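Reader: I know my way around a gel, but helix packing is new to me. Could you walk me through how to read it, and then how to read the empty spaces?

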Amino acid sequence: MVVKETTGRVTKRRVRTRANLLDAAFAVFAAKGFGRVSIEEVCEAAGYSRGAFYSNFDSLDELFFALYQQRADLIAEQVSGALALDGPDLDVPAAVDRVTEVLLLDRDWLLVKTDFLVHAARDPDVAQSLLEHRARLREAIADRLTRVRGHTELPVVLGDIEGAAHAVVAAYDGVTTQLLLDRDVEHARGWLKQLLTALLTDGSGTTR
């Protein structure tokens with residue numbers, strides 16, 4: 001999927017309108033599900049006309065993708081930022097603590113994300129865009145782990161740096177799926193911390 005490029009001068013008002021449409025869409029998608037939402041409902045929730053919608057997005061699909069992109073980029077920034085604080089000698093348990101404290105674990109976002117996954121599974125173009133976003137998240141993690149090679153040793157079972165990055169993303173996916181069902185955010189953070197510590201260390205909470 002290709003997100004429409006804005007042409008002409010981007011005014012502060014237009015930026016604000018786009019942001020308000022995204023916020024309103026997030027609330028509506030989380031409450032009703034992507035397949036059950038119309039453009040009119042998004043416009044009503046945001047307090048705008050269809051003209052305002054079409055001046056920012058070509059379709060509901062494009063808005064949905066922009067919304068996913070916004071949150072996925074936020075998560076990538078949270079992860080890379082939390083992993084960047086130790087300098088070259090990465091303290092894995094401390095880094096895991098920071099990641100799990102700041103990482104977005106919002107149930108409404110997870111509902112929207114799950115809708116997007118299902119939508120992508122049925123549309124190859126959307127699937128490709130989603131795969132590219134997930135690859136960037138793994139790259140942010142792998143880049144940090146690569147820069148500490150020689151200072152911090154990862155468990156051999158993960159294979160290599162790329163394998164470790166895949167494992168981290170898979171752990172996040174699994175924990176957030178459980179969160180959708182039990183609605184326990186604190187338990188999710190605690191479980192994610194334990195799981196990532198076990199994955200990236202020898203299981204004792206200290207690097208080998």
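Author: Sure, let's start with a pair of helices. The crossing of α8 and α9 is right-handed. Keep in mind that this is a predicted model.

Reader: Okay, but what do I look at to describe a pair like that?

Author: Two packed helices are described by the angle between their axes and the distance between the axes. Here, α8 and α9 pack at an angle of about 160 degrees, and their axes are 10 Å apart.

Reader: Are α8 and α9 roughly parallel or roughly antiparallel to each other?

Author: Angles over 145 degrees count as roughly antiparallel, so α8 and α9 are roughly antiparallel to each other.

Reader: Which residues of α8 and α9 meet?

Author: On the α8 side you'll find A164, A167, V168, A171, Y172, V175, L179 and D182. They meet V185, H187, A188, W191, L192, L195, L196, L199 and L200 in α9. Sorted by class, the contact of α8 with α9 has 15 nonpolar residues, 1 polar and 1 charged.

Reader: Let me try α5 and α9. At what angle do they pack?

Author: About 150 degrees, with the axes of α5 (residues 92–102) and α9 9 Å apart. That makes α5 and α9 roughly antiparallel to each other too, and their crossing is right-handed. From α5, the contact uses V92, V96, D97, T100, E101 and V102; from α9, it uses R189, L192, K193, L196, T197 and L200. The class count for α5 with α9 is 6 nonpolar, 2 polar and 4 charged residues.

Reader: And how do α1 and α2 cross, at what angle?

Author: Helix α1 (residues 12–32) and helix α2 (residues 39–46) cross at roughly 120 degrees, and their axes come within 8 Å. The two are therefore oblique to each other. Their crossing is right-handed. N20, L21, A24, A25, V28 and K32 in α1 meet E41, V42, A45 and A46 in α2. By class, that is 7 nonpolar, 1 polar and 2 charged residues.

Reader: Now the empty spaces. How are those found?

Author: Rolling a probe the size of a water molecule over the atoms shows where empty space is left. In this model the count comes to 2 cavities of 30 Å³ or more.

Reader: How much space lies in the second largest cavity, and which residues line it?

Author: The second largest cavity holds about 80 Å³ of space. Its lining is made of I75, V79, V99, L103, L137, I141, V168, V169, Y172, L192 and L196. By class, those are 11 nonpolar residues, with no polar and no charged ones.

Reader: Which helix gives the most to that lining?

Author: α8 does, with 3 residues. At least two residues each come from α4 (60–83), α7 (124–147), α8 (161–182) and α9 (185–200). You've already met some of these names: V168 and Y172 of α8, and L192 and L196 of α9, are in the α8 and α9 contact and also line this cavity.

Reader: What about pockets: how much space lies in the second largest pocket?

Author: About 160 Å³. The second largest pocket is lined by 14 residues, and Y68, A72, I75, R134 and L137 lie nearest its centre. α4, α6 (107–121), α7 and α8 each supply at least two lining residues, with α4 giving the largest share, 5 residues.

Reader: How do the residues of that pocket lining divide by class?

Author: Into 8 nonpolar, 1 polar and 5 charged. Set that beside the second largest cavity, where the lining has no charged residues.

Conventions
Residues numbered from 1 in each chain as written. Predicted model: local features only at pLDDT ≥ 70, side-chain atom pairs only at ≥ 80, totals over all residues. Heavy atoms only, no water. Axes fitted to C-alpha atoms, helices over the stretch in contact; angles between N-to-C directions. Helix = DSSP H or I, 4+ residues; strand = E, 2+ residues; numbered from the N terminus. Parallel < 35°, antiparallel > 145°, perpendicular 65-115°, else oblique. Left-handed = near helix turned anticlockwise from the far one by under 90°. Contact = heavy atoms within 4.5 Å. Nonpolar A, V, L, I, M, F, W, Y, C, P; charged D, E, K, R; others polar. 1 Å grid on protein atoms, 1.4 Å probe; cavity = no way out; pocket = protein on both sides within 12 Å on 5 of 7 lines; lining within 4 Å. Points joined across faces, edges and corners; volume = space filled by probe spheres on them.
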